[in-house]
Structures are given as structure tokens and as C-alpha cells.
Amino acid sequence: MRSERDEKFGIYVHIPFCAARCDYCDFATWTDRAHLVDDYVDACIADLTRRDTAGLPDATSVFFGGGTPSLLAADQLARILDAVPRTADAEVTVECNPDSVDLAKLRTYRRAGVNRLSFGVQSMVPRILAALGRTHDPANVARAIAAARDAGFTRLNVDLIYGTPGETVEEWRASLEGAVALGVPHVSAYALTVEPATPLGRRVAAGAAAPDDDTQADAYLLADELLGAAGLEWYEVSNWATRGEECRHNLLYWDEGEYVGIGCAAHGHTAGRRWWNVRTPERYIEAIRAGTSAEGGAERLDPAPRAEEACALALRTRSGAVIAPAAAAVVDDLAGSGFVRRVGDRVVLTPRGRLLASDVTARLLVAGAVGTR
């Protein structure tokens, strides 16, 4: 695919298995496919082996997502990782449920080359965890983080979700302070969204309370304040980290870098194409066994929309985006209203601007921010 093997290149591996499905989840995950795990692992390895034979670049970052990657036996995940061609200093992240890891499993990960863990915590308040359909409790989070450190991991992230209907400011503050108390160098915080085909979506459609925009805005600003005070700087709308602990794999996405998706429903971006694999594990296994492509679809962006997308992604980050002179008047207006600030030749969202990132970005693009209009 490329001759420069020292450039940034990512590999995402989708593990679609879960012990229980969270009420808000609309991802390609299943709770009744455990009988497919062995065949699925073999298919991922076969897919990687064929791609490597065809000239897969060495990955500078690898990310196991899902689903619940930590549901796999440790040696199964290690076998998949062993099939990934990667640089000596590659970042290798595994998403984990606090309920499905122990010290032995984490030590196996470490020996296999995993060097970063991301824990799906979502809340440190039992009532909110129950409302989200999560199965762990806060004590399990502390236990899992302690086990990770005992296994030699220092690069740790916790995911949080804010805006659950009925969540109070005090409860959200407790989750943030609980995450800070864990001493992890990276925290991701996402606003709860309602997807129609989920239990949460069905409850809302039947009349239950939906997340409130104003409440979520207040929760975001509180997260930015508390995490910043703890030394975790925002570097992307939903992510905070101490300097040097930013997730290199996610930065690859926001920089529009190239990556390959392995597994069902996994997405890739190579040679100017975006593509995605078939959605179900059965179809993925069948395609790989048959020696055929597992792609379910693809698209190629023209230069103008690609430039606009690059600008939109850059605006989500701490580095911001270079804005064409045609949009100077709109930049002035947005800066005067407190939504953006100029940093050298770039425009960066303020905390207020991050709350309305989509609207701010749309205004800039309509004004010719990338010179395509």
C-alpha cells in the first residue's frame, strides 16, 4: 500500500462479543455468539496474515475495540496481536471491562506487547451504572486499575459518560473525582446519546426522559474544569490527558491518517478510500475462510469534501485548524463571541466553542474556511 514504512499507520481490531449489552449501545456487538469466538480469532489472524503477505505497513498503533476485547482469553488476543506487523515502539491499546480482567490476564497482555489499557467505567455512581445497564461497580474499577499497575501498565485510560437522565451535578462530580483519584493519565468523557434501536432509545420513544442538552453542557464544562485542574489537558473535544499520554491511535483518526480495520464492522482508510467490513461475525468468518474480501462497502471522497472534513476534524483538537482568508470575518465574529481563539496561524475552539463544535464548524465551512467554496 505504501513504501514508507516509518509513517504513522494504524490497525483496528474489532472484537464484537459482550457478556451483556449496555442499554445505550448501538455498536456491532453480540451477547449470544460465544460459540464463534475461536473461529473469529482464527479469521482475524488469517486476514492479518494475508494482508501482511500483500505488503501491510508496520503499524505505529494498534487498537482492540468492541464489544469487549477483554472477554477473549488472554492467549487468543495475544495470538491476534502476534499476527500484527508493527514498529518496535507501537502503541497497543486494549479496551477492557473492569469485570473481565484479572492480574493473570493483564500480565499476559503485557508480555504479548500490549502497552495501553482503556477501561469502560462510564460512572463511579452505582445508581447511574444501573441506569446505563452496566454490570460492574466502582470497587471493580479500583481493583482493575490496581491489577493493571501490578502487571506493569502505566498508560491507562478510563471512559466516562455524562448526561444520563436524572444524573445530578453531584453524581457527575463524584465520577470525575473518582477518575482523578485513580491517578490515570488519560480520561475520555462522552455525552450520552440516544440511538433508536437500543433499550434506552425505546424507553425514550415511549416517553421516558431524554438527555438534556443544557445539563450535558454544564457537565462538559465541569469535566473540563476538574480534569484540567488535575493536570489532564484537553486535546480533543472528548479527551483529556497529561502531556505525552495522548492516544496516538485516535490522533491518527483525527489527522486523517491511514489504518486497516480487522474483524466484522471494522472500518479502514487506505489509498484514498474509506471502507468497512461486513457487519456480522458469521459473514466475516465466512468471507475470510473463502479467501474473498470481507468488505461490505466503500467510498472515495472528492478533494473538496475531503478538505472540509479534514478541517472539521482538526477543529476538534487542541491544535485547531488553519482557516482560509475567505472566512476571516466569520472567525472575527466567532472570536468576539467567545467560541474560538487564534493561536498563531490556527483557529482553536474555546470550551464554549467545543459545546457547539458542529455549529461553529458549519459556519466556518460555509464561509470558505478551506477555500473550496
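Which side chains meet in a salt bridge with a distance of 3.2 Å, N to O? I put this query to the model, which is a predicted one, and found the side chains of Arg274 and Glu256. I then located both partners: Arg274 belongs to strand β11 (residues 273-277), and Glu256 belongs to the loop between α9 and β9 (258-262), so the pair ties together parts that are 18 residues apart in sequence. I looked up the accessibility of each. Arg274 is buried, at 17% relative accessibility. Glu256 has a relative accessible area of 14% and is buried.

Entry on salt bridges

I obtained a total of 19 salt bridges for the structure. I selected the pair of Arg33 and Glu282, whose closest N and O atoms are 2.7 Å apart. I noted that Arg33 sits in the loop between β1 and α1 while Glu282 sits in helix α10 (residues 281-290), so this pair ties together parts that are 249 residues apart in sequence. For Arg33 I recorded 17% relative accessibility, which counts as buried because the cut-off is under 20%. For Glu282 I recorded a relative accessible area of 33%, hence partly exposed.

I next examined Asp47 and Arg51, whose side chains form a salt bridge at 2.9 Å, N to O. Both residues lie in helix α1, and they are separated by about one helical turn because they are four residues apart. Asp47 counts as buried at 5% relative accessibility, whereas Arg51 counts as partly exposed at 24%.

Entry on Glu246

Which residues are linked with Glu246 in a network of salt bridges? I found Glu233, Arg243 and Arg318. I placed Glu246 in the loop between β8 (239-241) and α9 (248-254). Its relative accessibility is 11%, and Glu246 therefore counts as buried. I also listed its contacts, leaving out residues up to four places away in sequence: Glu246 touches Glu91, Arg155, His186, Tyr235, Ala241, Leu251 and Arg318. Arg318 thus appears in my notes both as a contact of Glu246 and as a member of the salt-bridge network.

Entry on Cys18

Is Cys18 buried or exposed? I found Cys18 to be buried, at 12% relative accessibility. I assigned Cys18 to the loop between β1 (9-15) and α1 (37-53). Not counting residues up to four places away in sequence, Cys18 touches Thr29, Trp30, Thr31, Gly67, Thr68 and Leu71. I followed up one of these contacts, Gly67. The C-alpha atoms of Cys18 and Gly67 are 5.5 Å apart in space, and the two residues are 49 apart in sequence.

Entry on surface patches

I turned to the surface and found a negative patch formed by Asp212, Asp213, Asp214 and Asp218. I checked Asp214, which lies in helix α8 (residues 213-229). Its relative accessible area is 58%, and Asp214 is exposed because the cut-off for that class is over 50%.

I then recorded a nonpolar surface patch of about 210 Å², made by Leu221, Leu355 and Leu356. Leu221 lies in helix α8, the helix that also holds Asp214. For Leu221 I noted a relative accessible area of 36%, which places this residue among the partly exposed ones.

Terms used. Residues numbered from 1 in each chain as written. Predicted model: local features only at pLDDT ≥ 70, side-chain atom pairs only at ≥ 80, totals over all residues. Heavy atoms only, no water. Patch = residues over 30% accessible without salt bridge, like charges linked within 9 Å, V, L, I, M, F, W, Y side chains within 5 Å. Areas by Shrake-Rupley, 256 points an atom, 1.4 Å probe, with all protein chains shown as cover. Salt bridge = Lys/Arg side-chain N within 4 Å of Asp/Glu carboxyl O. Lys, Arg positive; Asp, Glu negative; His and termini not counted. Charge placed at Lys NZ, Arg CZ, Asp CG, Glu CD. Helix = DSSP H or I, 4+ residues; strand = E, 2+ residues; numbered from the N terminus. Buried < 20%, exposed > 50% of the residue type's maximum accessible area, 1.4 Å probe, protein only. Contact = heavy atoms within 4.5 Å.
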